[in-house]
Amino acid sequence: MKEYNQYVTAVNKIFDYLSKMKAGWQSIDNINYIENIEEYKQAIIKNADIFKNPVSSENEAVSDSLEVLGND
């Protein structure tokens, strides 16, 4: 459960910082980048279950619904 609490704390901090940056920035491009990141919030919260219920077997793969972020 320790990992779950650390995960939740980290995610909350990240999205708190993003909301502060979004409120403080005037650049439309930067605001759009933040909004793109915020689209993944629900997927990130959903994946918190991984820490609540660890995978019982090392051979089981956890499907990942997040896309890899690259240099755009």
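Modeller: The expected span of a helix is 1.5 Å times one less than its number of residues. Helices are DSSP runs (H or I, at least four residues), numbered from the N terminus. This is a predicted model, where local features need pLDDT of at least 70 and side-chain atom pairs count only at pLDDT 80 or more. Residues are numbered from 1 along each chain, and side-chain values use heavy atoms, without hydrogens and water.

Colleague: What should the 23 residues of H1 span?

Modeller: Use 1.5 Å a residue for H1. The end C-alpha atoms of H1 agree with the expected span, because they are 33 Å apart. The expected value is 33 Å.

Colleague: Which residues of H1 are buried?

Modeller: Buried means under 20% relative accessible area, with a 1.4 Å probe and protein chains only. The buried residues of H1 pack against helices H2 (28-38), H3 (41-46) and H4 (49-52). The buried ones in H1 are Tyr 4, Val 11, Phe 15 and Leu 18.

Colleague: Which helix gives the most to the largest nonpolar core?

Modeller: A nonpolar core is a set of buried Ala, Val, Leu, Ile, Met, Phe, Trp, Tyr and Cys residues joined through side-chain atoms within 4.5 Å. The largest one has 5 residues: Val 11, Phe 15, Leu 18, Ile 34 and Ile 44. With 3 residues, the top contributor is H1 (residues 2-24).

Colleague: Which residues is Glu 38 in contact with, leaving aside neighbours within four places in sequence?

Modeller: Contact means heavy atoms within 4.5 Å. Glu 38 sits in helix H2. Its partners are Phe 15 and Lys 22.

Key:
Buried means under 20% relative accessible area, exposed over 50%, partly exposed in between (1.4 Å probe, protein chains only). Helices (H or I, at least four residues) and strands (E, at least two) are DSSP runs, numbered from the N terminus.
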